[in-house]
Amino acid sequence: MGHLRIDGEHLTIKDVVDVARSGLLVELSQEAVSKIKKSREYVDGLVEKEAVVYGITTGFGKFSDTYISKEDTKALQRNLIVSHACSMGNPLPEETVRGVMLLRANALAKGFSGIRLETVNTLLEMLNKGVHPIIPEKGSLGASGDLAPLANMVLVMLGEGEAIYKGERMSGREAMLKADINTVELTSKEGLALINGTPVMAAIGALTVYDSLNIIKTADIIASMTLEALKGITDAFDERVHKARGQRGQMITAQNVLKIIEGSNLTSHQGELRVQDAYTLRCIPQIHGASRDAIYYAKDIIAIELNAATDNPLIFSEDDMVISGGNFHGQPLALAMDFLGIAVSELANVSERRIERLVNPQLNDLPAFLTKRGGLNSGFMITQYSAASMVSENKVLAHPASVDSIPSSANQEDHVSMGTTAARKARLILDNVEKVLAIEAFAASQAISFREGAVLGKGTRKAYEEIRKHVPPVENDRIMYVDMDKLDKMVKSGVFVKAVEEALGELA
């Protein structure tokens, strides 16, 4: 396996996924090494001159007016980490922690943080050797960045805290020893450089956006299966209709659906069976399309943040300046992650309504609850309950985190973003969406099994075949969650998108 060279300028969402999930090794580019060294030399000069500079020779937050002598700089940085490591709750997943470590290193590679090269290399060595700090998920206000969770990350660099190494939870010191990595003693500016920024919310955001890009295509595929199962009208997907409005995501969705169902003998035209379909079928392009546009907005925001300098203060050594600013403030991500959560939750909202149309005999010409011997068998009755419960939960989770703010640090930090909360919520919402779509795929494939002589579309046939490899039709009541869990894993893995795109080419 090759190495990813980071320079603070060119990291992509796919790079984050490859490092976080596939263990791609990471190293600094030569340009990054030069920039880090130059920035550090400038900080050393400021300390030697005993200049009064925030975070280098002063305290933090409300203590920014307290001068710290050069003799106390090491103690200052250690105290910063141990006092700020206040996160609580369940640990972030290891893939998220890996993303956090990568993003912090990439920001430091820009050369605006004044950190020593050996400290950055220690962080990368931990990443490459699989020393994953335990970072509790709760405790970040999203300004000044992700202080508390990042402090938990840095504890392990100091030989403190806890980490996962080779699947085992242990003390940070033991993990570093077993991985043969030297711990560090932080000096001036380094603690602040490591914890002041947005890598936690950005890492969660990057992984969630990546999976959302999969889920929007998956939603198109599964909705197409339901469209066929219910003998839906294809006229509503006509290119002319969507060009007449001009919304990009809407046009893409309609194009995808027509591509997926091409060749089907189940769909109909307006006036053949009925004049028009209910909104959950007829408005798939409008609903999925709006979510698609929102997902791409969040993708654009995350793509920028992956290569952002979010430290404070920033060191502009070429201009002989240190500037205290607010790049640690997570507002851009908070709004984007709230929007993403709302957007993907809508995919579950409409999916659950399609499930209802599949199982309710008053809304279709299929056996009630998709079972041949109703009464003796309950069939798919309670699958809709399960979907409805997760849709309802998402309505609670989709309340924006970014509209809230609680002042901190004696009102010095008097507006915060709650961006990490927004990112975590979006992740939870997406998990529910994946499960609801899995239930729709289960129900749609069952409905299709009742359509004698069915010829499925070129894409839906591939999706149906993937389902039947793992989940047979339900003849009599059986333990349903086993099949639902299998389909949830299939949705998450991207298998539907892979199978359909292998047959049809890439979906838009």
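Start by selecting helix 9, which gives 5 residues, the largest share, to the lining of the second largest pocket. The model on screen is predicted.

**Stop 1: the second largest pocket**

Keep helix 9 (199-229) selected and add helix 1 (13-22), helix 13 (284-305), helix 18 (480-493) and helix 19 (495-504); each of these supplies at least two residues of the pocket's lining. The space they help to line comes to about 470 Å³. To find its centre, select Lys14, Tyr210, Leu213, Asn214 and Lys217, which are the closest to it among the 22 lining residues.

Now colour the lining by residue class. How many of the lining residues are nonpolar, polar and charged? The lining of this pocket has 9 nonpolar, 4 polar and 9 charged residues.

**Stop 2: the largest cavity**

Rolling a probe the size of a water molecule over the atoms shows where empty space is left. Over the whole structure, a search finds 1 cavity of 30 Å³ or more. The largest cavity holds about 60 Å³ of space.

Which residues should be selected to see what lines this cavity? Begin with Leu103, Arg104 and Ala107, then add Thr198, Pro199 and Ala202, and finish with Glu305, Leu306, Ala308 and Thr310.

Next, show helix 4 (94-108) and helix 9, each of which supplies at least two residues of the cavity lining. Helix 4 gives the most, with 3 residues. Helix 9 thus appears at both stops: it supplies at least two residues to the cavity lining, and 5 to that of the second largest pocket. With the class colours still on, the cavity lining divides into 6 nonpolar, 2 polar and 2 charged residues.

**Stop 3: the whole protein**

Clear the selection and show the protein as a cartoon. The secondary structure consists of 19 helices and 9 strands. With a radius of gyration of 26 Å, close to the 23 Å that the globule rule gives for 508 residues, the protein is as compact as a globular protein of that length. Turn the model along its principal axes: the C-alpha trace spans about 85 × 50 × 45 Å.

Switch to a surface view. The protein exposes about 20,800 Å², and carbon and sulfur atoms supply 52% of that area. Of the 508 residues, 57% are buried.

Last, display the contacts between residues at least 6 apart in sequence. What share of them joins residues at least 24 apart? For this protein the share is 79%.

Note on methods. Residues numbered from 1 in each chain as written. Predicted model: local features only at pLDDT ≥ 70, side-chain atom pairs only at ≥ 80, totals over all residues. Heavy atoms only, no water. 1 Å grid on protein atoms, 1.4 Å probe; cavity = no way out; pocket = protein on both sides within 12 Å on 5 of 7 lines; lining within 4 Å. Points joined across faces, edges and corners; volume = space filled by probe spheres on them. Helix = DSSP H or I, 4+ residues; strand = E, 2+ residues; numbered from the N terminus. Nonpolar A, V, L, I, M, F, W, Y, C, P; charged D, E, K, R; others polar. Rg over C-alpha atoms; globule rule 2.2 N^0.38 Å. Buried < 20%, exposed > 50% of the residue type's maximum accessible area, 1.4 Å probe, protein only. Contact = heavy atoms within 4.5 Å. Areas by Shrake-Rupley, 256 points an atom, 1.4 Å probe, with all protein chains shown as cover.
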